[in-house]
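Trainee: I should like to learn how to read a structure of this kind, feature by feature. May we look at it together?

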Amino acid sequence: MHSADKDHQRIVITGVGLTSPIGDSLPEYRANLLAGKSGVCDYETRFIGKVLAGVCHFDPLKHQKRKDIRRGTRSGSIAVYCANEAVIDSKIDWTSRDKSRVGVYLGITEHGNVETENEIYEISKFGYDTSVWSHHHNPRTVANNPAGEVTLSLNITGPHLTIGAACAAGNAGFIQGLQMLRLGEVDLALAGGVSESIHTFGIFASFKSQNALATHTEPHKACRPFDVDRNGIVVAEGGAVCTLERLPDALARGARIYGEIVGYAMNSDATDFVLPDRNRQVECMHLALSRAGLRPCDVDIVSSHATATEQGDIE
């Protein structure tokens, strides 16, 4: 393969848009992360009451009208905010961009629960009369809703996918975007992941029935994944979307490049609904390193407790 052809297969990140409980931009998020700040707070959820959660505080009206918010979904608003912020951060000339050559690839853990729960709650006030059921329910709950709302916001007419891959969903969005760029299907990809988890009481109820929800008298100390005194998990919302481009395209327009995606891998546990299999995790990391042409440091990866990167079977 010629050098120019190889460069055409190199995919770089040129813009970042995000919202999280500790920041609504990369600089703010990074500063708070390094300062050890927590976005966990007290939160009230239907039928359960007070719980702890990670809540985002971005302004949805920055990129949407009130009508759009009423018709759409929380995950859609998160996706729209992050995608628009990524485009702005990338400094792409959006007005002259061919929107038919832009793709949207967003991962999501679950979708539709919030909207269905809300509608059932509403009709319960009217003796479960389904005539008051919202006609917006179907477009709100279709699987591709978050990515679809982004295309409407940014007038994108290229392909869009919302990808379900549990806790690996965001990575799956990046992989799909990278592959479509390498195949020449698109010239720009908006890729990442979003979550609206805290807005469905069912998530909290399910974890509560497992005694898996974290508790603490000081909310900001509740999320302690590596602490010996950890007593559960904290449910949160948020999202991150990046603009992905081929290296020659990014260099041609003088783009700021955050980094290059040099390797990736995805596999499945095939063992349990929710419990990760560390052997599959190790295989996945080895495959990603191999595709990237990298060698691991002088560490016995096989025996280390590596962070899961593979797609689980259901969760």
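Mentor: Let us begin at the end of one helix: α7 is followed by Asn155, whose phi is positive, near 55 degrees. Please keep in mind throughout that this is a predicted model.

Trainee: Is α7 itself enclosed or not, and why?

Mentor: The general idea is to ask how many residues of an element fall under 20% relative accessible area, the cut-off for buried. In α7, eight of the ten residues are buried, so the helix is largely enclosed by the rest of the structure. The buried positions are Asn145, Pro146, Ala147, Gly148, Glu149, Val150, Thr151 and Leu154.

Trainee: Against which elements do the buried residues of α7 pack?

Mentor: They pack against the helices α4 and α6 and against the strands β4, β5 and β6.

Trainee: How should I read a nonpolar core?

Mentor: In soluble globular proteins, nonpolar side chains tend to be buried together. Here the largest nonpolar core has 24 residues, and those with the most contacts inside it are Trp94, Val150, Leu154, Ile156 and Leu190. At least two residues each are supplied by α4, β4, α7 and β6. The element that gives the most is α4, with eight residues.

Trainee: Which residues does Trp94 touch?

Mentor: Leaving aside residues up to four places away in sequence, Trp94 touches Val87, Lys99, Val102, Leu154, Ile156 and Leu188. A second, separate core of 16 residues includes Val16, Tyr105, Leu181 and Leu244.

Trainee: Val16 brings me to the strands. How is β1 placed?

Mentor: Strand β1 covers residues 11–19, and nine of its nine residues are buried, so it is largely enclosed by the rest of the structure. For any strand, one then looks for its partners and their direction. With β8, residues 238–246, β1 pairs in the antiparallel sense over eight bridges, and Val16 stands opposite Cys242 in that strand. With β9, residues 259–261, β1 also runs antiparallel, joined by three bridges; here Ile13 stands opposite Gly259.

Trainee: In what order do the three strands of the open sheet stand?

Mentor: The order is β2-β3-β7, and the pairing is mixed. The strands β2 and β7 stand at the edges with a single partner strand each, so one side of each is left without a neighbour in the sheet. Between β2 and β3 the pairing is antiparallel over six bridges, with Thr45 opposite Gly49.

Trainee: How does one read a pocket?

Mentor: Rolling a probe the size of a water molecule over the atoms shows where empty space is left. In this model the second largest pocket holds about 440 Å³ of space. It is lined by 14 residues, of which Asp68, Arg71, Gly72, Glu149 and Leu152 are the closest to its centre. Helices α3, α6 and α7 each supply at least two residues of the lining, and the largest share, five residues, comes from α7.

Trainee: What is the chemical make-up of the lining of the second largest pocket?

Mentor: The lining divides into three nonpolar, seven polar and four charged residues.

Trainee: Finally, how would one describe a single loop residue, such as Ser197?

Mentor: One gives its place, its exposure and its contacts. Ser197 lies in the loop between β6 and α9. Its relative accessible area is 8%, so Ser197 is buried. Beyond residues up to four places away in sequence, Ser197 touches Glu110, Ile203, Val235 and Ala236. The C-alpha atoms of Ser197 and Ala53 are separated by 9.7 Å, although these residues are 144 residues apart along the chain.

Methods. Residues numbered from 1 in each chain as written. Predicted model: local features only at pLDDT ≥ 70, side-chain atom pairs only at ≥ 80, totals over all residues. Heavy atoms only, no water. Buried < 20%, exposed > 50% of the residue type's maximum accessible area, 1.4 Å probe, protein only. Helix = DSSP H or I, 4+ residues; strand = E, 2+ residues; numbered from the N terminus. Pairing = 2+ DSSP bridges. 1 Å grid on protein atoms, 1.4 Å probe; cavity = no way out; pocket = protein on both sides within 12 Å on 5 of 7 lines; lining within 4 Å. Points joined across faces, edges and corners; volume = space filled by probe spheres on them. Nonpolar A, V, L, I, M, F, W, Y, C, P; charged D, E, K, R; others polar. Core = buried A, V, L, I, M, F, W, Y, C linked by side-chain atoms within 4.5 Å. Contact = heavy atoms within 4.5 Å.
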